[in-house]
Amino acid sequence: GTITIEEQVSKGIMAAMKAKDTIRLEVLRNIKKVFIEAKSVAGAPEQIADSESVKIIQKLAKQGRESAEIYKNQGREDLYAHEMAQVEVLNEFLPKQLSEEELRTALKVIIEKVGATSAKEMGKVMSVASKELAGVADGKAISAIVKELLS
């Protein structure tokens, strides 16, 4: 069978230790820590479903990107580079993000399906788009393109 993201992370930790890849090791240990916390919640299953793992890793990647942004604005290139290197490791476990072109095409299809013709119906489009494109596109990017397509 296919191995779960949780198992991939554990295997990755061993590999990173062997390779002495400090950034990778730091990121994977961090993911594992969050997984363990998630599993320690009352009634949580022994194994984390991949859909749940993806949500956790997305959150970590988002935090990483936000921190990187702050460092960049402060001119701390070293810290910015470090954060972005971590985000890259996180991204390996996530579904591939759509390019802007692909996102635009997907949103045009959704707008047509919903039958939206004006910005007033942005809410309708957003609720469908955020469900369908969860994990493969950023909410901010989705709403910016929807706004533009409906205006």
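Q: How far does helix 7 (residues 139–150) reach from its first C-alpha to its last, and what span is expected?

A: Helix 7 has 12 residues and reaches 16 Å, which is close to the 16 Å expected at 1.5 Å a residue; the expected span is 1.5 Å times one less than the number of residues. Helices here are DSSP runs of H or I with at least four residues, numbered from the N terminus. This is a predicted model, in which local features need pLDDT of at least 70 and side-chain atom pairs count only at pLDDT 80 or more, while totals for chains, interfaces and linings use all residues. Residues are numbered from 1 along each chain as its sequence is written, and side-chain values use heavy atoms, with hydrogens and water left out.

Q: Which residues of helix 7 are buried, and which are exposed on the other side?

A: An α-helix has 3.6 residues a turn, so residues three or four places apart point the same way. In helix 7 the buried residues (under 20% relative accessible area with a 1.4 Å probe and protein chains only; exposed is over 50%, partly exposed in between) are Ile142, Ile145, Val146 and Leu150. They lie on the same side of helix 7 because they cover an arc of only 125° around the axis, taken from the directions from the helix axis to the C-beta atoms. Lys140 and Lys147, on the other side of helix 7, are exposed.

Q: What do the buried residues of helix 7 pack against?

A: They pack against helix 5 (100–114) and helix 6 (122–132), where contact means heavy atoms within 4.5 Å. Helix 5, with 15 residues, reaches 21 Å from its first C-alpha to its last, close to the 21 Å expected. Its buried residues are Leu103, Arg104, Leu107, Ile110 and Ile111. These cover an arc of only 125° around the axis, and therefore sit on the same side of helix 5, whereas Glu101, Val109, Glu112 and Lys113 are exposed on the other side. Helix 6 and helix 7 are included in what covers the buried residues of helix 5, and just after helix 5, Gly115 takes a positive phi of about 80°.

Q: How many residues does the largest nonpolar core have, and which elements give two or more residues to this core?

A: In soluble globular proteins, nonpolar side chains tend to be buried together. The largest nonpolar core (buried Ala, Val, Leu, Ile, Met, Phe, Trp, Tyr and Cys residues joined through side-chain atoms within 4.5 Å) has 20 residues, and those with the most contacts inside it are Val9, Ile31, Phe35 and Ile57. Two or more residues each come from helix 1 (5–19), helix 2 (22–39), helix 3 (50–73) and helix 4 (77–91), with helix 2 giving the most, 6 residues. Ile57, leaving aside its neighbours within four places in sequence, is in contact with Ile5, Ile31, Phe35, Leu90, Phe93 and Leu94. A second, separate core of 16 residues includes Leu107, Met126, Leu133 and Leu150.

Q: Where does Lys20 lie, and what is the value of its phi?

A: Lys20 lies in the loop between helix 1 and helix 2, and its phi is near 55°, a positive value in a residue other than glycine. At 68% relative accessibility, Lys20 counts as exposed.

Q: Where is Ile3 found, and with which residues is Ile3 in contact?

A: Ile3 is found in the segment before helix 1 and is partly exposed, with a relative accessible area of 37%. Leaving aside its neighbours within four places in sequence, Ile3 is in contact with Gln8 and Lys11. Ile3 and Asp50 are 47 residues apart in sequence and, C-alpha to C-alpha, 9.7 Å apart in space.
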